[in-house]
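Hi everyone, thanks for making time this morning. I'd like to walk you through one model, so let me put it up on the screen.

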Amino acid sequence: MSMSDIIDEVLENIRNSAIFKNREYLLPDYIPDQLPFRERQIKEIVSVMAQLYKGERPGNIFIYGLTGTGKTAVTKFVLSNLQKRIPDKFSFIYINTRQSDTPYRVIADILEWLGDKVPFTGLSLAELYRRLLKSLMLVKNNVVVVLDEIDALVKKYNDDILYRLTRINSELNKSKVSLIGITNDIQFIDILDPRVKSSLGEIEIVFPPYNAEELTEILKMRANLAFRENVLDDSIISLCSALAARDHGDARRALDLLRVSGEIAERKGKAKITQDDVQEARGEIEKDRVHEVISTLPFHSKLVLASILSSNDRLTTGEVYNIYSSLARKMGIEVVTQRRVSDIINELDMIGILNAKVINRGRYGKTKEISLAVEKPLVIKILKESDSKIASIWS
DNA sequence: CATCCACAGGAAGGACGGGGGT
DNA sequence: ACCCCCGTCCTTCCTGTGGATG
């Protein structure tokens, strides 16, 4: 089969889809031209950014809101629309600090965006800041830097990068930099250095979670764009919204759920999405997530996880460490310290594979109560196929 | 009511592999 | 060629702690 045949075939499949008219409208990175229930936030951001029109530096903005409350979509929406209207007044860069998760990467991203080629690693941070300043000197317009999910970056490192970025303007004369910081941790601002706090928190905007009715409305709009007629009725949309509303009103999850439900119905060759498809989609999304996080774990984290699987009860840190140690001994592998295992347990908790709760048992000490947060057979299956040494535990 | 358990979790730093600048 | 930097995973040493028990 030739290349163009393959392309034709894929296109043909899409044209023939009984379910989707245009699947892209349900993908997470699609920015709609309507953002319902966010008028107030849009207005606030625009009124701050309007300073750009006069060629002045807008105040730094700090945006809070849980995941899937439209923070990123609204910010991108406002900036790109503004860009269309006053293209010669400013430029902006969006950086997700979950992807670019070190100060080095963030600065490197800005430099690359400015057209400066920087090595993946090797330079000192000080050198990067020097280059950044040099490059910014040559920029004529104001620059808006959006830092999405900065709480993660600042917690992992410190707020030095924010401090430097907020201070950089004093070294620049032509163009000025303004920051938009996005976070889903409300308490985040408290851990900032007071100087950064006062500078970054010039304007604060809050994004409350969507409730079930609002989610329903949002899903309806997107469903109309994405699906063919009569593919789904309102009960499907309500179900997706209800499931997502239970999860702190996360619109992204709701959209994912709807899209995957559609994909499942399509794979089955059905013409309509049913409630069962939605339930199946839930399971599939969760499985993908678990697979993704477990298979990329370092070896000892996998081994710690495997240790926890060996019991159906809740375990303490000490018990986990004992099981882990004996597994490692059997396999002839050096153990890491209990201190490290304690951190590994926290990491596994963070990514939602375990539940680890600190408890006080009085006389019997302070420890963590650890249990599996996901389906055990699934974890075993993933561990087996991702590491042959660990697979030998169950053989 | 003080004690003391079984850890929690912070701080500092090191080994190592991937990558520089000059 | 030489020395330097970075991120990741890990160690060592440490101080802190809620509440059942004696």
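Let's begin at a contact with the DNA: a polar backbone atom of Leu-125 is 2.9 Å from a phosphate oxygen of DNA strand C. Before I go further, please keep in mind that this is a predicted model.

Staying with strand C, Thr-337 makes a similar kind of approach, with a polar backbone atom 2.7 Å from a phosphate oxygen of DNA strand C. Asn-360 uses its side chain instead: a polar atom there lies 2.8 Å from a sugar or linking oxygen of DNA strand C.

Now the wider surroundings of that strand. There are 21 residues around DNA strand C, and those that come nearest are Leu-125, His-300, Thr-337, Asn-360 and Gly-362. Of the atoms of DNA strand C that come within 4 Å of the protein, 75% belong to sugar and phosphate. As for residue classes, the surface near DNA strand C has nine polar, eight nonpolar and four charged residues.

Let's turn to the other strand. Around DNA strand B there are again 21 residues, the closest being Thr-317, Arg-339, Gly-362, Arg-363 and Gly-365. For DNA strand B, sugar and phosphate make up 67% of the atoms within 4 Å of the protein. The surface near DNA strand B comprises 11 polar, six charged and four nonpolar residues.

Where in the fold does that surface come from? Helix H14 (317-331), helix H15 (338-350) and strand S7 (366-372) each give at least two residues to the surface near DNA strand B. H15 has the largest share, with four residues.

Three contacts with strand B are worth finding on the screen. In Thr-317, an N or O atom of the side chain is 2.4 Å from a phosphate oxygen of DNA strand B. Gly-318 brings a backbone N or O atom to 3.1 Å from a sugar or linking oxygen of DNA strand B. At Lys-366 the partner is a base nitrogen of DNA strand B, 3.0 Å from a backbone N or O atom of this residue.

Let me leave the DNA and move on to the aromatic rings. A pair of aromatic rings is described by two things, the distance of the centres and the angle of the planes. How many aromatic pairs does the model have? The count comes to five. In one of them, the ring centres of Phe-20 and Phe-227 are 5.2 Å apart and the planes are at 20 degrees, so this pair is stacked. Phe-20 sits in the loop between helix H1 (3-16) and helix H2 (39-49), while Phe-227 sits in the loop between helix H9 (212-226) and helix H10 (234-246), so the pair ties together parts 207 residues apart in sequence. Phe-20 is buried at a relative accessible area of 4%, and Phe-227 is buried too, at 2%.

A further stacked pair is formed by Phe-90 and Phe-92: their ring planes are at 25 degrees and the centres 6.4 Å apart, so the pair meets the under-30-degree limit for stacking. Phe-90 and Phe-92 are both buried.

Some rings have a charge over them as well. Lys-76 places its charged end over the ring of Tyr-94, 4.3 Å from the ring centre. Likewise, the charged end of Lys-389 sits over the ring of Phe-299, 5.0 Å from the centre.

Back to H2 for a moment. Which residues of H2 are buried? They are Gln-41, Ile-42, Ile-45, Val-48 and Met-49. These residues cover an arc of only 135 degrees around the axis, which means that they lie on the same side of H2. Glu-39 and Lys-43 are exposed, on the face of H2 turned away from its buried side.

I'll finish with backbone angles. Most residues other than glycine have a negative phi. Two residues here are worth a look on that account. Phe-37, in the loop between H1 and H2, has a positive phi near 70 degrees, and Phe-37 is partly exposed at 28% relative accessibility. Asn-230, in the loop between H9 and H10, also has a positive phi, near 60 degrees. With a relative accessible area of 65%, Asn-230 is exposed.

Thanks for listening, and I'm happy to rotate the view for anyone who wants another look.

Terms used:
Residues numbered from 1 in each chain as written. Chains lettered and ligands numbered in written order. Predicted model: local features only at pLDDT ≥ 70, side-chain atom pairs only at ≥ 80, totals over all residues. Heavy atoms only, no water. Near = heavy atom within 4 Å. Polar contact = N/O pair within 3.5 Å; in protein donor to acceptor, adjacent residues only side chain to side chain. Nonpolar A, V, L, I, M, F, W, Y, C, P; charged D, E, K, R; others polar. Phe/Tyr/Trp six-rings, centres within 6.5 Å; stacked < 30°, edge-to-face > 60°. Buried < 20%, exposed > 50% of the residue type's maximum accessible area, 1.4 Å probe, protein only. Lys NZ or Arg CZ within 6 Å of the ring centre and 35° of its normal. Arc of directions from axis to C-beta.
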